[in-house]
Amino acid sequence: MKMKWVQVLAGASLALAAGMAMAAKLPDTVRLVVGYPAGGTADAVARVYAEQLREKLGVNVVVDNRAGAGGQVAAQGFLRSPVDGSVLLVANNHMMTTLPLTVKTVTYDPVKDFLPVAVIAKFEHIFVVGKTTPANTLAEYVELVRKEPEKYGHYGIPAPGSAPQFLGYSIAKKNGIQMTPVPYKGGAPLINDLLGDHIPAGIDAVGMITEHVAAGSVLVLGITGPKRLDILKDVPTFVEMGYGNLEASGWMGIFAPVGMEPELVKQFQEAFNEVAKNPKIEKAIVPIGFRPSSGDGQELARTVQEDLDTWGPIIKESGYLQQ
């Protein structure tokens with residue numbers, strides 16, 4: 001009987017030791033690298049997650065803004081990060097799929113050079129017109145362009161070579177019309193020109209426009225995603241309107257340096273997924289056009305690949321390539 005209890009206790013000790021080994025030790029500070037300036041929507045999402053992660057992980061979590069070249073500077077610099085859990089990358093679809101497909105100087109491989117950890121948020125892009133553009137539906141806008149292309153055939157986008165540019169390209173191609181993208185340095189100047197009647201239409205992330213929709217200053221004619229948004233219940237999706245290749249939602253995800261220990265990756269993954277369920281996250285990011293999301297590294301990897309598969313053929317067909 002004594003020998004049996006010794007064996008049981010020995011087994012329990014081994015199990016406890018194994019459990020402790022699984023909980024990898026975190027560094028005192030974890031940096032979340034964001035490829036966009038402080039004060040922007042991507043930064044806002046990262047900061048609210050950082051705040052909740054501090055409580056969840058019991059370590060200091062800080063946001064490190066490395067803005068430049070649409071996120072390229074942050075992604076490229078991240079490749080030299082240590083694998084001890086002290087640095088994670090907060091990336092979006094522009095950094096991981098659009099840039100590699102459109103910019104010749106991008107040297108990183110979004111599939112091979114980053115370790116997917118978790119999906120944290122999703123968002124949609126919208127097609128919007130100003131109050132003096134006489135169209136209540138996307139079909140009506142298309143007809144305006146067909147009849148008066150010089151007046152209505154140009155649309156604002158937040159950056160050259162961004163997803164909104166190829167959304168516009170796809171709409172024009174399907175309808176056999178000519179639409180010209182007008183690139184801006186971000187969403188704010190685009191919206192200002194739309195409100196000032198300097199441009200008839202624009203395509204951008206939904207968070208940039210919601211307050212103006214509520215005020216009646218602009219009208220949204222279409223939105224990406226698999227279903228309508230609660231905040232824009234009257235706006236049909238592009239899929240509903242017959243644009244089957246324009247379902248892809250925008251997203252934000254967490255990536256680790258290649259070579260990080262699986263136990264550490266799992267610990268981060270579980271922490272982000274649990275934090276995403278916190279009502280404080282939803283309260284903070286829904287008003288700016290995001291919705292909390294969760295998912296493991298495999299789901300994030302699939303999301304990246306699906307985006308590459310969706311936009312790759314469209315971008316190639318358009319002939320677009322930045323030097």
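**Salt bridges and a cavity in a predicted model**

Good morning. Glu 274 and Lys 56 form a salt bridge, in which the closest N and O atoms are 2.8 Å apart. Glu 274 belongs to helix α10, residues 262-275, and Lys 56 to helix α2, residues 41-57, so this pair ties together parts that lie 218 residues apart in sequence. I should say at once that the model before you is predicted.

How accessible are the two partners? Glu 274 counts as partly exposed because its relative accessibility is 45%. Lys 56 is also partly exposed, at 39% relative accessibility.

Let us turn to another pair. Glu 124 forms a salt bridge with Arg 291, and here the closest N and O atoms are 2.9 Å apart. Where do these two residues lie? Glu 124 is found in the loop between β4 (115-123) and β5 (125-130), while Arg 291 sits in strand β11 (residues 290-292); the pair therefore ties together parts 167 residues apart in sequence. Is Glu 124 buried or exposed? Glu 124 has a relative accessible area of 2%, and since buried means under 20%, Glu 124 is buried. Its partner Arg 291, at 29% relative accessibility, counts as partly exposed.

There is also a network to consider. Arg 31, Asp 64 and Arg 66 are joined into one network by salt bridges that share partners. Within this group, the side chains of Arg 31 and Asp 64 meet in a salt bridge with an N to O distance of 2.4 Å. This pair links distant parts of the chain: Arg 31 is in strand β1 (residues 29-34) and Asp 64 in strand β2 (residues 60-65), 33 residues apart. Asp 64 is buried, because its relative accessible area is 13%, whereas Arg 31 is partly exposed at 27% relative accessibility.

How many salt bridges does the structure contain? The count comes to eight.

I now move from contacts to empty space. Rolling a probe the size of a water molecule over the atoms shows where such space is left. The structure holds one cavity of 30 Å³ or more. The largest cavity contains about 50 Å³ of space.

Which residues line the largest cavity? The lining consists of Asn 93, His 125, Ala 163, Thr 224, Ala 248, Ser 249, Gly 250, Asp 307 and Trp 311. By character, three of the lining residues are nonpolar, five are polar and one is charged.

To close, I return to the pair with which I began: Glu 274 in helix α10 and Lys 56 in helix α2. Thank you for your attention.

Key. Residues are numbered from 1 along each chain as its sequence is written. This is a predicted model: local features need pLDDT of at least 70, side-chain atom pairs count only at pLDDT 80 or more; totals for chains, interfaces and linings use all residues. Side-chain values use heavy atoms; hydrogens and water are left out. On a 1 Å grid over the protein atoms alone, a cavity is a set of points where a 1.4 Å probe fits but cannot get out, and a pocket is an open set with protein on both sides within 12 Å along at least five of seven lines; lining residues have an atom within 4 Å of a point. Grid points are joined across faces, edges and corners, and a volume is the space filled by probe spheres set on the points. Ala, Val, Leu, Ile, Met, Phe, Trp, Tyr, Cys and Pro count as nonpolar, Asp, Glu, Lys and Arg as charged, and the others, Gly among them, as polar. A salt bridge is a side-chain nitrogen of Lys or Arg within 4 Å of a carboxyl oxygen of Asp or Glu. Helices (H or I, at least four residues) and strands (E, at least two) are DSSP runs, numbered from the N terminus. Buried means under 20% relative accessible area, exposed over 50%, partly exposed in between (1.4 Å probe, protein chains only).
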